[in-house]
Amino acid sequence: MNRVPLQQQQSCGLWELKERLGTGGFGNVTRWQNKETEEQIAIKQCRQELSERNKERWCLEIQIIKRLDHVNVVAAREVPEGMQKLMVTNDLPLLAMEYCQGGDLRKYLNLLENCCGMREGSVLILLCDISSALTYLHKKRIIHRDLKPENIVLQQGEKRLIHKIIDLGYAKQLDQSSLCTSFVGTLQYLAPELIERQMYTVTVDYWSFGTLVFECITGFRPFLPSWQPVPWHNKVMLKGDNDIVVYENLTREVHFSKHLPQPNNLNSLLSLKLERWLQLMLKWSPQERGKDPGATPSDCFSQLEVILQLKLVHVLNMMSAKILSYSVSDDETVADLQLRIEKDTEIPVADQELLLEAGLALEPQALAMQCAIDYSQIDGRRTDLPLVFLFVRSTCSYEPQFAPRTLPENISYVQSDPKIVLAYRPLRRTCGQAWHTIRSLKEDWQRLQQGQKAAIMSLLRHNSSLSKQKNDMVSMYQRLMAKLDFFTTSLHIDMDKYQEQTSTGIVYEKFLGMWRSMEQTAVTCSQARVSELEEEMMQLQPDIVDVQRQPWRSGEALDTLEGKAMELFRKLREKPRDQRCSGDSQEVVRLVVQAVHFYERKLRDFYTHLSKTALCRQRVMELLPKVEGVVQKMAESEQVLIRLQEKRQRELWNLLKVACSKVRSPVSGSSDVPPLLTPRPSLQQLDESLAEESRTFESRLQSLLHDTIQESETSMEMLSEWTWLRGDQNFSSDLS
């Protein structure tokens, strides 16, 4: 309906006339608003010149709508007090309805962006809403009989658009035989039996619904939309049971097809399922329409419900730049999904890496449902739908795969001869397809950019882990070197002291050899590849910084070409009827060719950059286990040093214990104990001065024992704690 500006303000109590929404089949529709509550309603007023039969239909529409209650059927409202007397010039009642601010579906379909069909999400939401409304009406034994885009209005809900059926002026309640014979409705969406004035049932709404859905998917009606009724009927009745489109190509040849034509915005999985569903809805025979005896469930609305309940996960294969679509169950894991991906791509499960855009990897045991799209929770008009990005772990070389891009039929035809002159209608469709083609190229480019972003985010996450491990490695290495230095210094002091006192007579070469062995063992603890790994990591960081500069973000040319194609299409569509003439497609072809060449050229640069990102990531992943290994080895070296220190102290204690016992009982001994003191004459043969010297030596040895015990306890305490090294010191900054 076309909206008409108000000539003057008009009020009825608290209600104020805001807008004339247009004219329907039976009357005029206006929008009113309550001054206090700001509630809005639509008032439908019957025209005076209606026939008696149409006046009956008008009253029937009011009766029907007042007793319906469904979210997808426009609701009746109470007519404000006094408005009947103010507006009515005949004896027919007014109809008050809820006001839907989104306009009708025809207005939405006429948007430039929908010239080749609505977005996938918008199509699914429409299917959900209108199928629910029709099921409700049919259970109430009501046939709509005039289902078309003009009779579906849009209202913005809390999370998404809601579609509502309006204009029940042609609706008819089924009688006992459930058959009707009257000819009503709009020709383009009428079922064949209505045109033939045959008996009909609810299946006339199936045909109208199928025709409407096809138009929403492709942007045009399925069966020769520009033909006159008689030749239209004679040609379309020749279609096969499974044909869902009859169209004229640019050479005026008529073609029949069982498949949805390109271009459209559906994924391959959904496209195939909706093709089969449309084959049920658009059967010529009303007895067979909407039924599939060989399927379970067999009726069309139950089958559609199965389609609408699908949970779809879209996977972008970064090797081929192709999207794979999968329907996943509630309990299906990512590992299960990977098996299906392996079957389609021949990439082994172990070699697959599935990333979200934020760079997070999907865990095999997680549910695949986390990546599915729920159109009940988001606006179906969105283009930035969630994707899962598939990378190959074992490769760092990504090459563009230039399979010939499938162009729409009209574009392929005019590309062979751009100077061919087309009539206005096919020229307009060709121009719309050109714009859609360039827009699709741009969106493909944007999806690849999302995949590159996921790769970079994953690289940065792993690099952050590497940087943390590197800091831990450097800190542990410094702590280990300090412990090692303390141990070797203590060992050298022990050896020096041992050499000094050998002149007094204490000699134990086996003990000295043990110290030297400890020193050699301690030296092996310092042989960690810390400096080598740190240097390798430092060399990697400039490359990681370089890939973050994103020189591949150069899709501006596609934006410009899309803008030019859209403007060309807009001007052609908005031409006044008396100026709509034939023309050639040279400009259209030039824009498409430029866009395809730009895309393919930039694709090479993109994959070169993606390969650099993959190489950096591989280097990070190779360094991680090396650093972990060095850290583990240093931890083991720390334990070795502690054990060496404990052994050193035990041996010192054993030595001192033996030495003390020998000093106290120099004449007693055993053949099992090696002599620590050189043989001396008997004490009875020594004079008093030698006895005094022996007592002095014993006193010095006792003092040495006390000092050694104290030093050993201190060294063990320091070696086990090292609080001066731990602290909060940060020996290396984060590389990322």
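**Q352 and the sheet around it**

Let's start with one pair: Q352 stands opposite V392 in β16. Keep in mind that this is a predicted model.

Where does Q352 sit? Its place is in strand β15. That strand covers residues 352-355. Its partner β16 covers residues 388-392. The two run antiparallel, and four bridges join them.

Now step back to the sheet. This is an open sheet of four strands. The order is β14-β13-β16-β15, and the pairing is mixed. Which strands are at the edges? β14, residues 322-328, is one, and β15 is the other. Each of these pairs on one side only. On average, neighbouring strands here are turned by 30 degrees against each other, direction ignored.

Next, the helices. Helix α10, residues 334-345, lies across β13, β14, β15 and β16. It runs at about 135 degrees to β14. Helix α12, residues 424-501, also lies across β13, β14, β15 and β16. Its angle to β16 is about 65 degrees.

Back to Q352. Is this residue buried or exposed? Its relative accessibility is 1%, so Q352 counts as buried; the cut-off for buried is under 20%.

What is Q352 in contact with, leaving aside neighbours within four places in sequence? The list is Q338, I341, E342, I347, L390, F391 and R393.

I347 deserves another look. Its backbone oxygen lies 2.9 Å from a polar atom of the Q352 side chain.

To recap: Q352 is in β15, an edge strand, and it is buried. Find Q352 and V392 opposite each other, then follow the sheet order out to β14.

Technical notes
Residues numbered from 1 in each chain as written. Predicted model: local features only at pLDDT ≥ 70, side-chain atom pairs only at ≥ 80, totals over all residues. Heavy atoms only, no water. Pairing = 2+ DSSP bridges. Axes fitted to C-alpha atoms, helices over the stretch in contact; angles between N-to-C directions. Contact = heavy atoms within 4.5 Å. Buried < 20%, exposed > 50% of the residue type's maximum accessible area, 1.4 Å probe, protein only. Polar contact = N/O pair within 3.5 Å; in protein donor to acceptor, adjacent residues only side chain to side chain.
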